[in-house]
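Hi,

Here is the structure I promised to pass on. Have a look at it first, and then read on for what I found in it.

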Amino acid sequence: MPKASVPLSSRLQFNHPEEDLHGVAGAQKVITLLNSYRNGVTKMSLNHNSLGDDGIYRLFAYLSSSEGLKHRATLAEISLTGNGIGCKGLQAIAEYLRGNDVLKALWLANNNLTPDPATLSCLANALNSARLRLLSLTGNSQLGDSFVERFLPLLRSRSLQELHINITGLTPRSAPVIAAWITGGRTGSSQGVCHLQTLKCSGNSLGVRGVSEVLRAIERGNWALTKVELYANRLPDTPSLSSSSFPPSSSGSLWRAGSPGAADSDDDWREFERALHRIMMRNQHWKRRVEKEALNLLKYARPLLMRSNSSLSSASSLPSHPPSSPPPTPTQGFPFFALPNELKLYILSLFAPSLSPIQRAQVYNYASDPVTLPTLVPTLHRGFAKPCLIDPSSFGATIGGSNIGSGCPSGKCMGPNSLVCRREEERAKFLEAVGCTAYEPELDDPIV
């Protein structure tokens, strides 16, 4: 009977959860197995073992060495839930993260992390220089309020899009710090700045006042967050709260605070859920609008600004002596090229009125830079390009069909990243490069 084939994606994953791996000996066993792989792995899952600080230190020393270089170059996700990791292990992980542009997801839930200042500073600095997109610290209940106070003011990574701090022992004391971090970009703070799209902070004890303060901060000063979870944040035996316990409501507010004299009641939490839903809908609307306008602006700015730059370059390379026939003036062609640069950019800005001046400038710089032009190699060698397969489960899909080269027009495909179109990936990279992943209002703009 022939042996069943193993998908390539499975062969590139290293999954060994609950295998009773202990300390340095367990880490050495993992290293031996990793060395047996011909190519680097893309995902490593060692959940619910007992590697501890010593085992984690040994494992990440290997991954950071020349011996583990093939895995470092491909490892996009690491899951170490429930391994008894403390400060020493976290520092080893932080050193591995520093400058790492491959690792995208790191799961450190249910470990023994504590709010050691030096360790948290090392982790924040490493995240600021890495390209990590998801960090989960859920279930590390020893972190507490000190973790938020020492970690968030140092965190300003533009790549980090999702942070899980569920069940980390937070109380109302953490709410002002979280609120200040959330609005850091709006207030021009020189310290921590939140660029997250997803924040999960459930299972703590922020209470009515804490959740109210966080929601007010998102409403007033954050347009990047599109998913926030604040479930199960009640305080036990909460005393009655007067209307003065809540921040004053503005005329443009999307919600109202708890009713006067209300305690930690079900009505308050239902109101919070409705308010959060409205705020998230607002942010999602502006995110879609900004991304659409940025892509539209690139479409028009690319040929116009690139043409202007190439015309200037060709003009500067002309010989100094007069030619036999005068070259055509810009007005003989498209009159746009004869306009001053300020007018050109103003006209182009009308295609993207929702973008901030900084965002538009970044799109202009991207559009006029020849380095950002897509390579022609995939088009010239279609036979070697990876096909962008259509998802068979999607409506109207053609069985066995593929769209080679440019990706699926509908954005639905089957690839190594599961239902992610390569064209959509390129668009996401562009939007991140020009900082057009969220709405950026001017400081004096009203709340909308």
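Leu-63 is a good place to start: with a relative accessible area of 0%, this residue counts as buried, since anything under 20% falls in that class. Please keep in mind that this is a predicted model. Leu-63 sits in helix H3. Leaving aside residues up to four places away in sequence, Leu-63 touches Leu-34, Met-44, Gly-68, His-71, Arg-72, Leu-75 and Tyr-96. One of these partners, Leu-75, is 12 residues from Leu-63 along the chain, and their C-alpha atoms are 9.6 Å apart.

Two of the other partners lead to the helices packed against H3.

Let me take H2 first. Helix H2 covers residues 23-35, and its axis and that of H3 are 7 Å apart, at an angle of about 25 degrees. That angle makes H2 roughly parallel to H3, because angles under 35 degrees are classed that way. The crossing of these two helices is right-handed. On the H2 side, the contact is made by Gly-23, Val-24, Ala-27, Gln-28, Val-30, Ile-31, Leu-34 and Asn-35, and on the H3 side by Asp-54, Gly-55, Arg-58, Leu-59, Tyr-62 and Leu-63. Sorted by class, the residues in this contact come to 8 nonpolar, 4 polar and 2 charged.

Next comes H5. Helix H3 (residues 52-64) and helix H5 (residues 87-97) have axes that come within 8 Å and cross at roughly 15 degrees. H3 is therefore roughly parallel to H5. This crossing, however, is left-handed. From H3, the residues involved are Asp-53, Asp-54, Ile-56, Tyr-57, Phe-60, Leu-63 and Ser-64, and they meet Cys-87, Lys-88, Gly-89, Ala-92, Ile-93 and Tyr-96 of H5. The contact of H3 with H5 has 8 nonpolar, 2 polar and 3 charged residues. Leu-63 and Asp-54 appear in the contact with H2 and again in the contact with H5.

Another helix pair is worth a look. The axes of H6 (residues 117-129) and H7 (residues 144-151) come within 9 Å, with a crossing angle of roughly 45 degrees. That makes H6 oblique to H7. The crossing of H6 and H7 is right-handed. Pro-117, Leu-120, Leu-123, Ala-124 and Leu-127 of H6 make the contact with Phe-147, Arg-150 and Phe-151 of H7. By class, that contact contains 7 nonpolar residues, no polar ones and 1 charged residue.

Is His-285 buried, exposed or partly exposed? With a relative accessibility of 38%, His-285 counts as partly exposed, because that class lies between the 20% and 50% limits. His-285 belongs to helix H11, which runs over residues 266-316. The C-alpha atoms of His-285 and Trp-223 are separated by 9.7 Å, while the two residues are 62 residues apart along the chain.

Finally, the protein as a whole. It has 15 helices and 10 strands, and 43% of its 448 residues are buried. Of the contacts with a separation of 6 or more, 80% are between residues 24 or more positions apart. The accessible surface comes to about 23300 Å², and carbon and sulfur atoms account for 57% of that surface.

Happy to talk any of this through whenever it suits you.

Best wishes

Key:
Residues are numbered from 1 along each chain as its sequence is written. This is a predicted model: local features need pLDDT of at least 70, side-chain atom pairs count only at pLDDT 80 or more; totals for chains, interfaces and linings use all residues. Side-chain values use heavy atoms; hydrogens and water are left out. Helices (H or I, at least four residues) and strands (E, at least two) are DSSP runs, numbered from the N terminus. Buried means under 20% relative accessible area, exposed over 50%, partly exposed in between (1.4 Å probe, protein chains only). Contact means heavy atoms within 4.5 Å. Accessible areas come from the Shrake-Rupley method with a 1.4 Å probe; for residues, only the protein chains shown count as cover. Axes are lines fitted to C-alpha atoms, for helices over the stretch in contact, and angles run from 0 to 180 degrees between N-to-C directions. Angles under 35 degrees count as roughly parallel, over 145 as roughly antiparallel, 65 to 115 as roughly perpendicular and the rest as oblique. A crossing is left-handed if the near helix is turned anticlockwise from the far one by less than a right angle, and right-handed if clockwise. Ala, Val, Leu, Ile, Met, Phe, Trp, Tyr, Cys and Pro count as nonpolar, Asp, Glu, Lys and Arg as charged, and the others, Gly among them, as polar.
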